[in-house]
Amino acid sequence: MNSGNSLQPFKKLEFANASGAVLAGHLDLPASGQPFAYALFAHCFTCTKNLKAAVNVSRALTRDGVAVFRFDFTGLGESGGDFSHTNFSSNVQDLIQAARFLESRFEGPKMLIGHSLGGAAVLQAAEAIPSAAAVVTIAAPSNPGHVLKLLESTREQIESRGEADVMLAGRKFKIRKQFLDDLAGASMAEAIRRLNRALLIFHAPTDSVVGIENAGEIFQAARHPKSFVSLDRADHLLSDPADSRYVGSVIAAWARKYVAAD
């Protein structure tokens, strides 16, 4: 076990994805001792497990006794594999593999948390993770095809040449046509209807990347129990630490009702 400070113990872990690439993970643990539950966190599109918002949410949960496993999707952060060969479907498979790894080493995750496209991924993956009793989305699109809007300026080049280098959040990524095809073919409505888990949706009315209407579509498609929390004046990435800390504290309070110790 490592510790960045006396209040935040953690373990650095690795596991293999479905293709055998080694993915890097970070298991945040409660300082008080044995966690009463484990959560799995899916980061946003082209982000990493170390995005400050993800760290703040994780810390809020560990303070309440929940261990949080956040990992880098294939080809991002410290994880192996080629990002250009990944897509939304492979992200979903990465989540399922992460859940299986947690179950084999500790216990299966009782809660799935996803930010932006990671939120769409946890909604899709939940059915294949039987241990999960609760799902949380933060600024999630109701359909992963929403990401195509971010690629609009290079979409024609990707379609015609089969691939293109795309600048996203100041970094260059190679996007292949298979990525577009996978997004276009993904359908979320049925997965949300079949979720059969408690659902908590966070979204900001002023989100300029993924509009608030996406939260409404997720909420309408889902069955009860479901809850919505408006993030007044927050941006898409929860850049203000106060916003991500608030999200984490609300999740911690909400989860106690649905993620109880056995």
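Helices, written H, are DSSP runs of at least four residues, numbered from the N terminus. In this predicted model, Leu95 is found in one such run, helix H2, and this residue makes a convenient starting point for a walk through the packing.

Leu95 has a relative accessibility of 1% and therefore counts as buried, the cut-off being under 20%. Leaving out residues up to four places away in sequence, Leu95 touches Leu40, Ala42, Phe71, Phe73, Ala121, Val122, Ala125 and Ile129. Leu112 sits 17 residues from Leu95 in sequence, and the two C-alpha atoms are 9.3 Å apart in space. Leu95 also belongs to the largest nonpolar core, which has 57 residues; Phe69, Phe71, Phe88, Leu95 and Ile175 are the members that touch the most others. Helix H2 supplies the largest share of this core, with 8 residues. Phe71, another of those well-connected members, is in contact with Leu95 and, among others, with Phe15, Leu23, Leu40, Phe41, Asp94 and Ala98, once neighbours within four places in sequence are set aside. A second core, separate from this one, holds 31 residues, including Ala53, Ala139, Phe202 and Leu231.

Three of the contacts of Leu95, namely Ala121, Val122 and Ala125, lead on to helix H3, where they take part in the meeting of two helices. H2 spans residues 88-105 and H3 spans residues 117-125; their axes come within 9 Å and cross at roughly 65°. This crossing is right-handed. From H2, the residues involved are Phe88, Asn91, Val92, Leu95 and Ile96, and they meet Leu117, Ala120, Ala121, Val122, Gln124 and Ala125 of H3. By class, the residues of this contact comprise 9 nonpolar, 2 polar and no charged. The spacing along a helix is worth recalling here: an α-helix has 3.6 residues a turn, so residues three or four places apart point the same way. Helix H3 itself is largely enclosed by the rest of the structure, because 8 of its 9 residues are buried. Those buried residues are Leu117, Gly118, Gly119, Ala120, Ala121, Val122, Leu123 and Ala125.

Just ahead of H2 comes Asn87, placed in the loop between strand E5 (66-71) and H2. With a relative accessible area of 11%, Asn87 is buried, and its side chain has polar partners. A polar atom of that side chain lies 2.8 Å from the backbone nitrogen of Ser90. The side chains of Asn87 and Gln178 are joined by a polar contact of 2.7 Å. Gln178 is also listed with Phe179 and Asp182 as the residues that Asn87 touches, not counting those up to four places away in sequence.

A second helix pair is formed by H1 (residues 52-63) and H8 (residues 241-258), whose axes come within 8 Å and cross at roughly 35°. The H1 and H8 crossing is right-handed. On the H1 side, Ala53, Asn56, Val57, Ala60 and Leu61 take part, and they meet Pro241, Ser244, Arg245, Val247, Gly248, Ser249, Ile251 and Ala252 in H8. The residues of this contact divide into 8 nonpolar, 4 polar and 1 charged. Ala53, listed here on the H1 side, is also one of the members of the second core.

Ala139, likewise a member of that second core, is found in the loop between strand E7 (134-138) and helix H4 (155-161). Its relative accessibility is 4%, so Ala139 counts as buried. The contacts of Ala139, residues up to four places away in sequence aside, are His115, Ser116, Phe202, His203, Asp207, Val210 and His236. Of these, Phe202 is also named in the second core. The C-alpha atom of Ala139 is 25 Å from that of Gln178, a residue 39 places away along the chain.

The backbone shows some notable points as well. Phi of Ala139 is near 55°, a positive value in a residue other than glycine. Thr46, also not a glycine, has a positive phi of about 65°. Thr46 lies in the loop between strand E4 (37-42) and H1, and its relative accessible area of 5% makes it buried. Finally, the peptide bond from His224 to Pro225 is cis, with omega near 5°. Pro225 is located in the loop between helix H7 (213-221) and strand E11 (226-230).

Conventions: Residues numbered from 1 in each chain as written. Predicted model: local features only at pLDDT ≥ 70, side-chain atom pairs only at ≥ 80, totals over all residues. Heavy atoms only, no water. Axes fitted to C-alpha atoms, helices over the stretch in contact; angles between N-to-C directions. Left-handed = near helix turned anticlockwise from the far one by under 90°. Contact = heavy atoms within 4.5 Å. Nonpolar A, V, L, I, M, F, W, Y, C, P; charged D, E, K, R; others polar. Buried < 20%, exposed > 50% of the residue type's maximum accessible area, 1.4 Å probe, protein only. Polar contact = N/O pair within 3.5 Å; in protein donor to acceptor, adjacent residues only side chain to side chain. Core = buried A, V, L, I, M, F, W, Y, C linked by side-chain atoms within 4.5 Å.
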